[in-house]
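User: I'm new to this one, so could you walk me through it with some questions and answers?

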Amino acid sequence: MTAPPDPNDEELLPRLRAREEAAFRLLVRRHHVRLVAVARGLSLPQEAAEEVVQEAWIAAMRNLDGFEGRSSLRTWLTGIVVLMARKAAAARRRTRTFSDLAGPDDEEGGVDADAFLADGHWREPPWHWSEVDLERALAGRQVWAAVQEAIGALPPLQASVIRQRDVEGLGARETEAMLGLSEARQRALLDRARFRIRATFERLTREAPARAMP
Amino acid sequence: MKCREAAEHASALLDHDLDLTLRARLRLHLAACAPCRRFAEQVRATRDLLRGAPAPAPDPGREDAVVAALLRGKPEPDDGP
């Protein structure tokens, strides 16, 4: 016997309106980390992002009647977080120094310049690895755990964009509407994020023989 | 097209985000260059591995705090700062 699948967000609505703890918990578990990443991408440091998202949860659940189902609950929640995070980030800019803001290294990390000779040819061609090698290198760890770890190590804006575009599979236009990043800006951030994660996977597969099985 | 430029466009290729000329030049390069083909294939594999990855659960302490705040519900109007 398999357990019934978790209800999707929309199926949870009546239970959320009834303020059922288990429903709140399921929704928070499903979206909290992603929403914090969205807030981080809007120039909030980790702790401030956590605070904003907690406030956004309270505002959202208090105003569930205002959710009309024209978008998914996920999109609606993200919109609330974006609004509140922008406001919080603007308030911080008025009172803090720029060094306090997240993400200067969002502009870094295109293809590795060192990988190429001055004439534009590969200095050292990419290491040969595939998904199978990666799974072997992870030695029983979930690939998804490694994926999340790699995303977590990205600069905040890159992490936010790659979550929306590649993990959630949202389009450029929807992401622009949610995060307020132009398609060109998303392009640059998404490229850098994918290259960095590819490099992380390459490193994992290269290092694999070093940590041999006991 | 040089390898470095080909690598830089390998991600945009996945999203059909290159104009026709650039895409044609890139495909020509990839057809002739095994290392770049490998790189482009790995970028694609990376993108595919990300799809649908479940978000990690929040720290249990954080999750409890948020749920508790939700259960407390509406703060009194003069409750906040």
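Here are some basics, followed by questions and answers.

Analyst: This is a predicted model, in which local features need pLDDT of at least 70, side-chain atom pairs count only at pLDDT 80 or more, and totals for chains, interfaces and linings use all residues. Residues are numbered from 1 along each chain as its sequence is written, chains are lettered from A and ligands numbered from 1 in the order in which they are written, and side-chain values use heavy atoms, leaving out hydrogens and water.

User: How many helices and strands does chain B have?

Analyst: Helices (H or I, at least four residues) and strands (E, at least two) are DSSP runs, numbered from the N terminus. Going from the N terminus, the elements of chain B read α-α-α-α-α. That comes to 5 helices and 0 strands.

User: Which element of chain B has the highest mean pLDDT?

Analyst: pLDDT is the predictor's confidence in each residue, from 0 to 100. Chain B has a mean of 89, with 89% of its residues at 70 or more. Over residues 75–81 of chain B, though, the pLDDT is below 50, and beyond near neighbours in sequence that stretch has 1 contact (heavy atoms within 4.5 Å) in the model. Among the elements of chain B, helix 5 (residues 60–72) has the lowest mean, 93, and the highest, 97, belongs to helix 3 (residues 20–32).

User: How far apart are the end C-alpha atoms of helix 4 of chain B?

Analyst: The expected span of a helix is 1.5 Å times one less than its number of residues. Helix 4 (residues 34–50) of chain B has 17 residues, so it should span 24 Å. The model agrees, with the end C-alpha atoms apart by 24 Å.

User: Is A:Arg198 buried or exposed?

Analyst: A:Arg198 sits in helix 9 (residues 183–207) of chain A. Leaving aside neighbours within four places in sequence, its contacts are A:Pro126, A:Trp129, B:Phe39, B:Gln42, B:Val43 and B:Thr46. Buried means under 20% relative accessible area, exposed over 50%, and partly exposed in between (1.4 Å probe, protein chains only). At a relative accessible area of 8%, A:Arg198 is therefore buried.

User: Which helix gives the most residues to the largest nonpolar core?

Analyst: A nonpolar core is a set of buried Ala, Val, Leu, Ile, Met, Phe, Trp, Tyr and Cys residues joined through side-chain atoms within 4.5 Å. The largest one has 62 residues, and A:Leu16, A:Trp57, A:Met61, A:Leu73, A:Leu77 and A:Ile151 touch the most other members. The top contributor, with 9 residues, is helix 2 (residues 21–41) of chain A.

User: Why does this core lie between two domains, and which ones are they?

Analyst: Domain bounds come from an automatic or database domain assignment. Both domains of chain A give residues to this core, so it lies between domain 1 (9–100) and domain 2 (104–210).

User: Which residue of chain B does A:Met61 touch?

Analyst: Residues up to four places away in sequence are not counted here. Within chain A, A:Met61 touches A:Leu16, A:Phe24, A:Leu27 and A:Leu77. From chain B, the list has B:Leu70.

User: Is B:His16 buried or exposed?

Analyst: B:His16 is in the loop between helix 2 (10–14) and helix 3 of chain B. Its phi is near 50°, a positive value in a residue other than glycine. With a relative accessible area of 66%, B:His16 is exposed.
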